[in-house]
Amino acid sequence: MAEYELQCFAQSGNAYKVALMLELSQASWTPVWVDFFNGATRDPEFRSEENEMGEIPVLRHGETRLTQSAVILEYLSQQLGTFGWENEEERREILRWLFWDNHKLTSYMATLRYMRAMVKTGETDVTRFFEGRAIAALKVLDQRLADTDFLVGNHPTIADLSVCGYLFWPEEIGVDFGPYSNVNAWLERIKALPHWVAPYDLMPGHPLPTPA
């Protein structure tokens with residue numbers, strides 16, 4: 001049996017952050033598909049036994065069950081000894097970027113992608129608002145990467161794995177990444193890491209069934 005079990009689905013960038021960490025670290029892990037789009041995470045049994053927040057990913061490691069990608073990444077870094085920090089200053093800086101990602105980048109990128117690519121709302125005042133916030137976050141990230149190969153300490157850490165989680169789907173997000181050359185170069189550096197795998201090739205559930 002695999003040491004780690006990750007409940008996930010292919011379209012989830014938050015699950016991808018964890019799956020990528022496990023794969024890059026060559027951990028013993030297995031993905032377990034969750035039928036998110038048909039309401040699996042809203043099921044009372046899922047909420048009582050897996051995650052009361054009704055969210056993916058969920059990581060199981062022996063008797064330990066963890067939710068929220070940032071918490072899982074921090075746990076895995078200590079368990080696996082990979083993509084961590086070299087001192088307390090780096091640890092704090094990694095936490096800063098994890099919090100920023102969840103609040104300022106993933107929150108807007110994920111919602112914008114969901115509206116445009118998954119539920120296909122069309123262009124509305126809401127999508128235009130989310131696009132503006134996503135672009136603002138990309139500008140912050142691009143500036144950060146102007147003078148460094150990775151976000152913290154000039155070596156890949158869980159901060160990079162978190163922040164990149166939703167950025168391998170620019171076409172689905174519907175934002176032109178062209179102006180952000182530093183971001184694009186950084187994504188290529190991540191893709192060049194040994195054992196990197198694209199999200200749709202790493203987790204089950206792609207493509208989504210075509211509605212009848």
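In the predicted model, P57 is found in the loop that connects helix α2 (44–49) with strand β3. The peptide bond leading from I56 to P57 is cis, with omega near 15°. A cis peptide bond also joins H206 to P207, with omega near 0°. P207 is placed in the segment that follows helix α9 (199–202). A further feature of the backbone occurs at F83, which has a positive phi of about 55° although F83 is not a glycine. This residue belongs to the loop between helices α3 and α4.

Strand β3, which follows the loop of P57, takes part in an open sheet of four strands. The order of the strands is β2-β1-β3-β4, and the pairing is mixed. Strands β2 (29–33) and β4 occupy the edges, and each has a single partner strand, so one side of each is left without a neighbour in the sheet. From one strand to the next, the twist averages 20°.

Within this sheet, strand β3 (residues 58–61) and strand β4 (residues 64–67) run antiparallel and are joined by four bridges. Together β3 and β4 form a hairpin with two residues between them. In the turn of the hairpin, G62 has a positive phi of about 60°. The bridge partner of H61 in β4 is T64, while L59 stands opposite L66 of β4. In a regular strand, side chains alternate between the two faces of the sheet.

Two helices are described here by their positions relative to the sheet. Helix α1 (residues 13–24) packs on the sheet and touches β1 (4–8), β2 and β3. The direction of α1 makes about 155° with that of β1. Helix α3 (residues 69–80) lies across β1, β3 and β4, and runs at about 135° to β4.

Helices α1 and α3 also pack against each other, at an angle of about 5° and with their axes 9 Å apart. Angles under 35 degrees count as roughly parallel, and α1 and α3 are therefore roughly parallel to each other. On the side of α1, the residues involved are N14, K17, V18, M21 and L22. These meet S69, I72, L73, L76, S77 and L80 in α3. By residue class, the contact of α1 with α3 comprises seven nonpolar, three polar and one charged.

The arrangement of a second helix pair is given by α5 (residues 125–144) and α8 (residues 181–191), which pack at an angle of about 70° with their axes 7 Å apart. Since angles of 65 to 115 degrees count as roughly perpendicular, α5 and α8 are therefore roughly perpendicular to each other. Helix α5 contributes L138, L141 and D142 to the contact, and helix α8 contributes S181, N182, V183 and W186. Four nonpolar residues, two polar residues and one charged residue make up the contact of α5 with α8.

Pockets were examined next. The largest pocket holds about 530 Å³ of space. This pocket is lined by 21 residues, of which N14, F36, I56, A110 and Y166 are the closest to its centre. Among these, N14 is also one of the residues of α1 that meet α3, and I56 is the residue that precedes P57 at the cis peptide bond. Helix α4 (residues 88–118) gives the most to the lining of the largest pocket, with eight residues. The lining of the largest pocket consists of nine nonpolar, ten polar and two charged residues.

The second largest pocket contains about 450 Å³ of space. Of the 19 residues that line the second largest pocket, Q11, F37, M118, L208 and P209 are the closest to its centre. Here too the largest share of the lining comes from α4, which supplies three residues. Twelve nonpolar, four polar and three charged residues form the lining of the second largest pocket.

Definitions and conventions: Residues are numbered from 1 along each chain as its sequence is written. This is a predicted model: local features need pLDDT of at least 70, side-chain atom pairs count only at pLDDT 80 or more; totals for chains, interfaces and linings use all residues. Side-chain values use heavy atoms; hydrogens and water are left out. On a 1 Å grid over the protein atoms alone, a cavity is a set of points where a 1.4 Å probe fits but cannot get out, and a pocket is an open set with protein on both sides within 12 Å along at least five of seven lines; lining residues have an atom within 4 Å of a point. Grid points are joined across faces, edges and corners, and a volume is the space filled by probe spheres set on the points. Ala, Val, Leu, Ile, Met, Phe, Trp, Tyr, Cys and Pro count as nonpolar, Asp, Glu, Lys and Arg as charged, and the others, Gly among them, as polar. Axes are lines fitted to C-alpha atoms, for helices over the stretch in contact, and angles run from 0 to 180 degrees between N-to-C directions. Angles under 35 degrees count as roughly parallel, over 145 as roughly antiparallel, 65 to 115 as roughly perpendicular and the rest as oblique. Contact means heavy atoms within 4.5 Å. Two strands pair if DSSP finds at least two bridges between them.
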